[in-house]
Amino acid sequence: MIVVSNVSKGFGGRLLFEDVNTAFAPAQRYGLTGPNGAGKSTFMKILIGEMEADSGTISRPKRVGVLRQDHGLFDSMKVIDVVISGNPHLWKALQRKEALLARADLTEAEGEELGDLECVVAEEDGYTAESDAAVLLDGLGIPESQHLLPMSELQGGFKLRVLLAQALFGHPQALLLDEPTNHLDLDSIRWLEEFLLAYDGVLVVISHDRHFLNEVCSHIADIDYNTIIQYTGNYDDMVRAKATVRNQVESSNARKLDKIKQLQDFVQRFGAGTRASQAASRKKEIARLKPDEIKRSNIARPYIRFEVEKQSGRDVLDVKDLSFGYSTPLYRGLHLSVSRGDKVAIIGRNGVGKTTLARVLLGELAPLAGSVRWGHETNVGYFPQDHEGTIPSGWTVFNWMFEQRPDAGKEGVRSVLGRMLFSGEDGDKPTATLSGGERVRTLLSRLMLLKFNVLVLDEPTNHMDLEAISALRDGIEAYQGTCIFVSHDRDLIETVANKLVVLDGERIEVYSAGYSQYLKNRG
């Protein structure tokens, strides 16, 4: 059980949450939700004990598994050792045992200590620690050949998986996971879901993956209105419940206002006559019928709509016998036809070449063999996965956007920025100070402004909160042009895509069907 009592926290004069009283129970799985900037990561750090609250207390179990975001902290350790160190009590005993066994002669006291350490190792399942750690690593897509490598030799995405395995290791009584699906491919996410559904401790997880929250969570703890409100059910259940409560309050207020108007009319007509006593009674009733205050939510959802200035021809893209890679082919023999209006998802495990394929299609990389031919009147807009440096410094958001298309006029540019939550002074932010989420919204604003008839989007949901991801999904679904996108977001893939390009090991296949049908065929 994790118990939160009267916890408050603010930053720079801005209150995040105040006098929070809530509890997270064993065998329940809680999604911690709220828009970017609401204080999710701050609250998680308070739960972990890495940050002090301004006031209040936290009670937590003895053994807590934490997904750490500092990927370089364990660079000098072997991958398998990083995982085992997720149980600090066991890891300390194993390290001390190894140090004692390395000595030529042990004192009597050290011999007794070694016996005590053996008991600790046995109690903590230390004799199966390596095999248990290997099972976690395999499930998260880290091959056995990498288990004994130093962490420093792994790429960032694989380091995150090792740190996730570390958090899951050793049967912790509570798991606190901040964005565990980042950098995980679809197969690894499904494995993680199954693991967490079988977990019997306290789970608190932050995620921008709506499908993941719907699959895993039994409760949602939502940060809004400067507090944390718990809802039973998954994320979609919470959204419906939240809307229902707000609609009920708004409907009740509307009825009260109608009644107040009737009473005020009565008071105005009869306040000074023979019915003055009745009018006085009506005044008291008016005071009693004061509408309930509707607090302002901190949720802000962008409005994403990609317009097409001039339609392309019917045949948008023709790929024949394509082989691509670098010095040697990653894949061979891709045949792909894309028609106007298609929504094509490129999916596969991390590191298999999805971004490489997107760049070959765009002409940024030359194919090793085969051909890529774009159709008549195609005008392609690109959203890169790595967008560091794509927006130059030395500009404001508005000025950079206006430079992209001056003929849209200042009002046209301001209108697009406003829909993407850059209203008023936010549009005058220096580009050098933009956060990851703001940079994404700026690049999407550019695509909206330039009205391409083909969009190629590489992991566009990174750095987005759930509201923005839902808005992007709606925008792509309503788009009259053609969209080719790389994503691990299953809700986006399942809702939008009518065609899949699946990169799997050395195979590449095209499915002219949606994601649900693909999973059925796959078995």
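This short talk covers a cavity, a sheet and a pocket in one predicted model.

Hi everyone, thanks for coming. Please keep in mind that we are looking at a predicted model today. I'll begin with the enclosed space.

How many cavities of 30 Å³ or more does a search of the whole structure find? The search finds 1. That cavity holds about 120 Å³ of space. If you have the structure open, you can pick out its walls residue by residue. Asp185, Leu186 and Asp187 are in the lining, and so are Ile347, Gly348 and Arg349. Val502, Leu503 and Asp504 line the cavity too, and Tyr515, Tyr518 and Arg522 complete the list.

Which elements supply at least two residues each to that lining? There are two helices, helix 7 (186–198) and helix 17 (515–522), and two strands, strand 12 (343–348) and strand 17 (499–504). For those of you who think in side-chain chemistry, the lining of the largest cavity has 6 nonpolar and 5 charged residues, plus 1 polar residue.

Now let's move to a sheet. This one is open, with 3 strands in the order 11-10-13, and the pairing is antiparallel. Strand 11 (329–339) and strand 13 (369–374) are the edge strands, each pairing on one side only. From one strand to the next, the twist averages 15°.

As a quick reminder, strands of a sheet pair through backbone hydrogen bonds, and the pairing can be parallel or antiparallel. Here, strand 10 (residues 315–325) is joined to strand 11 by 7 bridges. If you would like a landmark in that pair, look for Leu322, which stands opposite Leu334 in strand 11.

What packs on this sheet? Helix 11 (residues 354–362) does, and it touches strand 10, strand 11 and strand 13. The direction of helix 11 makes about 125° with that of strand 10.

My last stop is the second largest pocket, with about 370 Å³ of space. Its lining is made of 18 residues. Which of them lie nearest the centre? Those are Lys62, Arg63, Val64, Gly86 and Pro88. Strand 5 (64–66), helix 3 (88–101) and helix 6 (156–168) are the elements that give two or more residues to this lining. Strand 5 provides the largest share, 3 residues. By class, the lining of the second largest pocket has 7 nonpolar, 6 polar and 5 charged residues.

That's my tour, and I'm happy to go back to any part of it with you.

Definitions and conventions
Residues are numbered from 1 along each chain as its sequence is written. This is a predicted model: local features need pLDDT of at least 70, side-chain atom pairs count only at pLDDT 80 or more; totals for chains, interfaces and linings use all residues. Side-chain values use heavy atoms; hydrogens and water are left out. On a 1 Å grid over the protein atoms alone, a cavity is a set of points where a 1.4 Å probe fits but cannot get out, and a pocket is an open set with protein on both sides within 12 Å along at least five of seven lines; lining residues have an atom within 4 Å of a point. Grid points are joined across faces, edges and corners, and a volume is the space filled by probe spheres set on the points. Helices (H or I, at least four residues) and strands (E, at least two) are DSSP runs, numbered from the N terminus. Ala, Val, Leu, Ile, Met, Phe, Trp, Tyr, Cys and Pro count as nonpolar, Asp, Glu, Lys and Arg as charged, and the others, Gly among them, as polar. Two strands pair if DSSP finds at least two bridges between them. Axes are lines fitted to C-alpha atoms, for helices over the stretch in contact, and angles run from 0 to 180 degrees between N-to-C directions. Contact means heavy atoms within 4.5 Å.
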